[in-house]
Amino acid sequence: MRRFARFVAVCLVVILVGAYLLLFPPFPRVPEFGRGLPSQTATAAFQERLRVAFPLPMTRNEIASGLIAQGFDVSKDVATFEKTRFPCTLIWRIWWETEGEAVTDISAMHGSRCL
């Protein structure tokens, strides 16, 4: 009987930990230059931090590799970072314009989507 109680207790702990990790996944970590953004002016503050972290002029490859190192997914001239924390998903998008390999402008959007 004691073995059965221990088995049930272990199963409950595994289920609870699994449910917690499903609802509140620890990864991916929020990129450094985006942590602690003010909620009212998040997009403007995010753009300012982005311009400080990636001062122009830079090449397309420098920006892409820097954003990949921060956890962004990069496709062509757009980088996206999403982190789900039930019931919302944090979304950051960064895009840039180029002339040849040189980046001429960089912009960003910060927001969230909730159920």
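**Figure 1. Aromatic pairs in the predicted model.** Welcome to the aromatic side chains of this predicted structure. A search of the whole structure turns up 4 aromatic pairs. One of them joins F46 and W92, whose ring centres are 4.8 Å apart, with 40° between the planes, a tilted pair. Follow the backbone from one partner to the other and you will see that the pair links distant parts of the chain: F46 belongs to helix 2 (residues 42–53), W92 belongs to strand 4 (residues 88–99), and the two are 46 residues apart. Have a look at the surroundings too, as both F46 and W92 are buried.

**Figure 2. The rings of F72 and F81.** Here the ring centres of F72 and F81 lie 5.7 Å apart and their planes meet at 55°. Planes under 30 degrees apart would count as stacked and those over 60 as edge-to-face, so the pair of F72 and F81 is tilted. F72 is buried, and F81 is buried as well.

**Figure 3. One aromatic cluster of F46, F72, F81 and W92.** This view brings the residues of the previous legends together: F46, F72, F81 and W92 make up one aromatic cluster. Among its members, F46 comes from helix 2 and W92 from strand 4.

**Figure 4. The surroundings of S107.** Now let us turn to a serine, S107, which sits in strand 5 (residues 102–114). Its relative accessible area is 15%, which is under the 20% limit, so S107 counts as buried. Setting aside neighbours within four places in sequence, S107 is in contact with Q47, L50, R51, R93, I94 and W95.

Notes
Residues numbered from 1 in each chain as written. Predicted model: local features only at pLDDT ≥ 70, side-chain atom pairs only at ≥ 80, totals over all residues. Heavy atoms only, no water. Phe/Tyr/Trp six-rings, centres within 6.5 Å; stacked < 30°, edge-to-face > 60°. Helix = DSSP H or I, 4+ residues; strand = E, 2+ residues; numbered from the N terminus. Buried < 20%, exposed > 50% of the residue type's maximum accessible area, 1.4 Å probe, protein only. Contact = heavy atoms within 4.5 Å.
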